[in-house]
Amino acid sequence: MLKSIHDIYARRRTFIDFLAHDLDDNAVWFNNSEFARYHDIDGRKILSILTSDTRIQTINLNLADHNDPVGLSKSRAVLYCRAQEIEGVFAAEQSLRVDGRLCTIAEASLIQDQVWRIVLEANN
């Protein structure tokens with residue numbers, strides 16, 4: 001253990017170097033036997049991490065009768081994908097189909113030019 005820590009500092013590797021290594025060889029985050037799974041994203045099977053967000057927003061719609069509102073609930077999920085595997089640039093309000101479910105992107109950010117973090121919303 002001490003030797004490996006010494007090797008890390010001797011090579012003067014940065015956090016970004018370690019992140020790139022972990023992403024490239026499926027050693028940590030995108031390991032399909034641990035965190036990641038293959039998900040169908042806009043028709044392509046991509047190794048990614050899809051987590052559900054526990055926040056659910058209820059939207060009340062008053063249609064004809066104001067005394068009996070109809071409610072819809074919107075669920076959220078967070079999708080992490082390696083930038084090299086998924087094409088395009090993502091932004092809020094875009095549509096994205098994940099595992100056959102049409103979602104709207106609420107937020108999208110590229111982490112260290114390596115990983116997309118995409119917050120998805122969909123009606124239940």
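## Exercises on a predicted model

Strands S2 (44–61), S3, S5 and S6 each give at least two residues to the lining of the largest pocket. Keep in mind that this is a predicted model. Let's work through it.

**Exercise 1.** Work out what the largest pocket is like: what is its volume, and which residues lie nearest its centre?

*Solution.* Start with the volume, which is about 190 Å³. Next, go to the walls: 13 residues line the largest pocket. Nearest its centre you'll find Leu50, Ser75, Ala77, Arg101 and Cys103. Finally, put the strands back in: S2, S3, S5 and S6 each supply at least two of the lining residues.

**Exercise 2.** Trace the protein chain: how many helices and strands does it have, and in what pattern do they follow along the sequence?

*Solution.* Count them up and you get 2 helices and 6 strands. Reading along the sequence gives α-α-β-β-β-β-β-β. Now check the contacts: taking those between residues at least 6 apart in sequence, 49% join residues at least 24 apart. As for the outside, the accessible surface is about 8500 Å², with 51% of that belonging to carbon and sulfur atoms.

**Exercise 3.** Decide whether strand S6 (residues 115–123) is largely enclosed or not, and say why.

*Solution.* Set the scene with the whole protein chain, where 29% of the 124 residues count as buried. Buried here means under 20% relative accessible area. Then look at S6: 7 of its 9 residues are buried, so the rest of the structure largely encloses this strand.

**Exercise 4.** Describe how S5 (residues 101–111) and S6 pair: in which sense, and over how many bridges?

*Solution.* The two strands run antiparallel, with 7 bridges between them. For one bridge, pick Glu107, whose partner in S6 is Val119. Then follow the turn: the hairpin has 3 residues between the strands, and Gln112 takes a positive phi near 50° there.

**Exercise 5.** Find the aromatic pair and classify it: how are the rings of Phe90 and Trp116 arranged?

*Solution.* Searching the whole structure turns up 1 aromatic pair. The ring centres of Phe90 and Trp116 are 5.1 Å apart and the planes meet at 85°, so this pair is edge-to-face; the cut-off for that class is over 60 degrees. Now place the partners: Phe90 is in the loop between strand S3 (70–82) and strand S4 (95–98), while Trp116 belongs to strand S6. That puts them 26 residues apart, so to speak linking distant parts of the chain. Last step, burial: Phe90 and Trp116 are both buried.

Notes. Residues numbered from 1 in each chain as written. Predicted model: local features only at pLDDT ≥ 70, side-chain atom pairs only at ≥ 80, totals over all residues. Heavy atoms only, no water. Buried < 20%, exposed > 50% of the residue type's maximum accessible area, 1.4 Å probe, protein only. Helix = DSSP H or I, 4+ residues; strand = E, 2+ residues; numbered from the N terminus. Pairing = 2+ DSSP bridges. Contact = heavy atoms within 4.5 Å. Areas by Shrake-Rupley, 256 points an atom, 1.4 Å probe, with all protein chains shown as cover. Phe/Tyr/Trp six-rings, centres within 6.5 Å; stacked < 30°, edge-to-face > 60°. 1 Å grid on protein atoms, 1.4 Å probe; cavity = no way out; pocket = protein on both sides within 12 Å on 5 of 7 lines; lining within 4 Å. Points joined across faces, edges and corners; volume = space filled by probe spheres on them.
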